[in-house]
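Welcome, and thanks for taking a look. Please have the sequence and the model open side by side, as this short report walks through ring contacts first and backbone details afterwards.

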Amino acid sequence: MAPSPTDDSLPSTIDEAFTENNLQPFFVLQKGSSRKSDRKSSGTGRTKRRIDLSPASPKDSSSLEDEKENENMNLRMEAFEFVWSKIESTIKDVLRDINTNVFNEIQTWVHQSFNTIRSLGTPDFPEATQSFPVITDANSKRLFTGLVLTKNMEFVDDLLTFEELGKHLKYQGCHVANLSSLDFTAKNGVGGCLRSLLRQFLKSTLDPADISILASWYREENYNNPVVVIIDDIERCCGSVLSDFILMLSEWAIKIPVILIMGVATTLDAPRNMLPSNALRCLCPFEFTLGTPAERMDAIVEAVLVKPCSGFNIGHKVAVFMRNYFLSQDGTLTSFIRALKIACTQHFYMEPLSAILHDFVLEEDNSVLEIGQYGLSSEVMWRHVFDLPSCQRVRVNKQTSASLANAFSELKRLQNQWRAVVLCLYVTGKGEKVRLLDLFCETIDPISQNQRESDTYMKFEKDPVITPSRIKGGVLWEAVRLVRDLSTSQLGELLKIWDNLTVDVVEINDKVKELLSLLKVDDGKSSKKDLTVTPKRHASRIQLNIVKDSESLIDKAAKLIECMVRDYMCPIECIPFHEIFCFKDVDKLRLALIGDPRRRIQVDLLEFQKLLCCSCCTQGSSGLLPSMHDTSIMYKLAQEHGDLINLHDWYQSFKSIVVCPSNSKKKSRQSPLPKKRKGTKESENQSEASIQARFCRAVTELQITGLLRMPSKRRPDFAQRVAFGL
Amino acid sequence: MDMEGSPQVTRRTTRSCAVSSNDVESTKPSESYKPTLNDLAFGKQPFGLEDLLSRFPCRRTQILEFLRLLGPLNSPLFPVLVYGGPSTGKTSVTLQDSKHSYSSVKRCERPSDFVNYLREALENVISSLKGNSGKSNSKMSGRPDGTMMPEVGLIFISNISPDMYYLNIGYVEPIPLYFLNYTEDDLRHIFMVNQTNRKLYASFLDVVLRPFCRVTRRVDELAAALSSLFKKYCEPLSDKEVAPNEEMKRKLFSQIRPHISSALNETFQVRSQPLLGAEANKTKKTNSSKMSGILEDFDKIDFHMSTSAKYLLISAFLASRNPATLDASLFDSTGVSDSRKRKRKASEKSMDQKEMAEQELHMKGPGTFPLERLLAIFQCITSLAEDSLDEEESRELTTEGSSRGLMSDVLLQLSSLCNANFIIKGGSCPLEGSTRYRTAVSEDLALKVARSLKFPLSKYLYRR
């Protein structure tokens, strides 16, 4: 997040929630006191909000207003916490559901491999706890290894997955230890991971890392259960340490039946490239696959954004931004969820009426909406509500709570319709790689929806045969087009799913039911026809008929979905009062999520007055003053150079600015060497030294911020600028 | 490790030594006999010489020699150095032999360990102890034996020849005992031990052993490879006890042949989970996807990567493969024709020189590059790609600042590519900025990634 003064004025609690996922770039410049800046800059959140809400409010009641506002803020905080916890738990559930199958698979495999190990024989106590090798079959030295393909190059998402897997297996009676790549560093060697194993199994921190301790523990503890060691992602492990670990475990394979589970982020080549062949030979690998990030993303989008979850929603631009960020930038669910959380926070922070969401979630009867209970005085609130741009578009005549309640229920109804259609489309396109995330982004686009309506009407008037799929590309129409490619039986199944999905929306459901009944009649016909034995000619003709029939049916289905898309899919941004539920400010989100620290640092160095707010250099003069921050001076000076900066020149110009310009400017220009100077030589020397020290510190700061590279051996008197432009 | 004969030697001592359990090379048990519980309880049932010899086929001379060196009980034992290639039965033979004549076998790594260990053991079992066999891979433990009492026998096991241990310090030179590598016939003998259906297995070995022997003669490696192959070999047979006739052998051979070559190349075969209910169609799926996958999912990467990471990977690949001098001509349209022409009109001598340089480059593998070069190429590529993208996908989802967006946290992507081992980072101070990178990506993967982006990689790749 950028250190702009606006963020400073966030209330502390929201700020805390905010900083949790928030990487702050370090400050080169110290911030001025926030109070001061708060008062001075007119663009802070607090004042802005006041302007938004009560532009004409009487000034004498400002203390009352403040109180009300505080109350309102508290309510919004509560609502935020409630909504976010709901979203978070939903996401967690979804992820767990996705993994259940794989987890069960892994668990069965663990127990089977354990039985295989056991069938090789159990050594008796002294043998099992001593380090001397048991002479056995070469095959018995192999370690059963589950390679879990996480299908994502970034592994942050799967930290939680492996933790859950550990819990799952523990619940099934296995001894489980989770190791991460941090345990496999070259620095700690095998001792490091052994120690971590001992810590997790024995719950004690013994100094000698010795595997025979583990063996005797296993003997004493419970040797009817497998020992599972989970390694998060092997790509990041140090290969030699990992292979040592594997070799050691394979030596003890009979004595401690260890089953390895390793997360592989890329391909199965990763272990092949990392481990030497003698370690690979010890592994008896099996492969498991987790859901792809795209699948998980779809599941999350479905549960959180499409299906009713919290009532909180995001606008089209925000959705597109988040989608692009996921696809082209980061590719992790973690950051997607973080973006969602930031959006949610911003929404509750900016929208005074967002406290309504709390009740909205609870599905309470909102026929009588007591606006007053949300903290703000009712008249301010009313004005705010009916000043919302979406409301003005529709122009509600009576500004009463009843009309508001009506509008809310209308919003709910339209959302339900939209949801049903989106899910129908998703189900249709599921097999053909139609991603819900894309679909979601397309279907909440208010502009294209308007176009869609006008377009289709026009086209249909002209030529009813032309389908919208020819008009436009995009996932939406792809899904619609897919309906036409279905066979009759597939269509039947699809219609049944549609029927289920549209139960809440009577208008659509009726049409689907109608089509279903048609299909059934048709089915009956065709099966009868199949039964009757007919000569070949007839058969072919009948076949033709059937084809025609089904064609017409499919035609009808396609028309139905087209009509659904046209009439029932109203994006949330087209509904009045959506601002209360929908976050639309994409710029805020971008700033908070990406931050762009390098750019920010450069801007801050150049425009430091805004941050420091000091009295000495606020005039906004472009000239360099000695009272400025050293690093800023240096950076501004560096702007005059190309990518190579002569250190001597740089230092001289720095000195000429720092040393009081009135008396020493001429001197330093004319006689840069100290030995030529006369008079108070000692103090001169001292100041020279201190200037040099300041120079060095500034250069180092620039180096640390990544804007400068120190002189190389080849060119010892030149520093190199690294980052250019903003 | 202590044997039954001296249980009073405490576990503590073994613990202190067991840190060394990662010296693996010489501790490979090598014989493929089936272990039973009785086998493991060595000390209890002393067995005869014949028994011993039958356990280790093709090691007759070595065993006899070893026993001769050990000599009768109560006689002093000169140090013995058992050496030979990996997996030739050194450890197993030694263990079994000394087991049947001596009471205690231990292992350790550092000389101090060894001395401490020995003293403790001597205190405990002073009456019964006849000899210890210290076992080590390192030169170090060769030292203390010069000062040891004559009753203590030392047996060193190593896979390095005795010349390496020659120190000339004055202690008694160990007597070398060489375990030579198994021949193909030896291996056949070894693998025939304990087979239930000997004829079938013999026919199997006829087919399989020769090609494998060319690759490796290590019993442990072979045992792993053969056991899975044998399962495949037996698959078509309903009755595993039947003795195969010629026709059947031929049939089985034709069936196993494709598997042999693949098994030869592959030490690391990943099986997918064959346990659950869906097993049948699942295995079918994996098989078919391996065959048809080449055609179908040709340009599909197996894992998710964000677009900017893909571009970064490609630019790293290019930076590693192309010489830096060509960058300008490849990415700057003005320089191309000029440099190409000059190359064609090269003299004989300079051609030779160039060839040499190319070979050298080839030997060196992918080159290193500084961060700046990577970023420059990245920027060229992405700006190019976005131009074409804009033409193709006119509107909709690429609305907001995707061009700037791609650049924003490249360094983050770079670090995650480093984490995934696609790019290797040369070690140096991160602040210095002189870190050099190198790609470890195979051309196949790079091409796949490029294809998924519709990026014409081959156009930018400098071919020698």
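How many aromatic pairs does the structure hold over all chains? In this predicted model, the count over all chains comes to 21 aromatic pairs. Two of them make a nice starting point, and a pair of aromatic rings is described by the distance of the centres and the angle of the planes.

Trp650(A) and Phe695(A) meet edge-to-face, with 5.9 Å from centre to centre and 80 degrees between the planes. This pair links distant parts of the chain: Trp650(A) belongs to helix H31 (residues 647-658) of chain A and Phe695(A) to helix H33 (residues 681-704) of chain A, 45 residues apart. Both Trp650(A) and Phe695(A) are buried.

In chain B, Phe369(B) and Tyr437(B) form a stacked pair, with 6.3 Å centre to centre and 25 degrees between the planes. Here too, distant parts of the chain are linked: Phe369(B) is in strand S5 (residues 368-370) of chain B, while Tyr437(B) is in strand S7 (residues 436-439) of chain B, 68 residues apart. Phe369(B) is buried, and Tyr437(B) is buried as well.

Which residues join Trp650(A) in one aromatic cluster? The cluster is made up of Trp650(A), Tyr651(A), Phe654(A) and Phe695(A). The edge-to-face pair described above, Trp650(A) with Phe695(A), therefore sits within this group, as both of its rings are cluster members.

Rings also have charged partners in chain A, and the table sets out two such contacts.

| Charged end | Ring beneath it | Distance from the ring centre |
|---|---|---|
| Lys255(A) | Trp252(A) | 4.5 Å |
| Arg715(A) | Phe718(A) | 5.0 Å |

Now for the backbone. Lys151(A) has a phi near 65 degrees, a positive value in a residue other than glycine. Lys151(A) is placed in the loop between strand S1 (143-149) and helix H7 (156-171) of chain A. Lys454(B) likewise shows a positive phi, near 60 degrees, and is a residue other than glycine. The loop that holds Lys454(B) runs between helix H19 (443-453) and helix H20 (457-460) of chain B.

Is Lys151(A) buried or exposed? Its relative accessible area is 18%, so Lys151(A) counts as buried, the cut-off being under 20%. Lys454(B), in contrast, counts as exposed because its relative accessibility is 69%, and exposed means over 50%.

Definitions and conventions
Residues numbered from 1 in each chain as written. Chains lettered and ligands numbered in written order. Predicted model: local features only at pLDDT ≥ 70, side-chain atom pairs only at ≥ 80, totals over all residues. Heavy atoms only, no water. Helix = DSSP H or I, 4+ residues; strand = E, 2+ residues; numbered from the N terminus. Buried < 20%, exposed > 50% of the residue type's maximum accessible area, 1.4 Å probe, protein only. Phe/Tyr/Trp six-rings, centres within 6.5 Å; stacked < 30°, edge-to-face > 60°. Lys NZ or Arg CZ within 6 Å of the ring centre and 35° of its normal.
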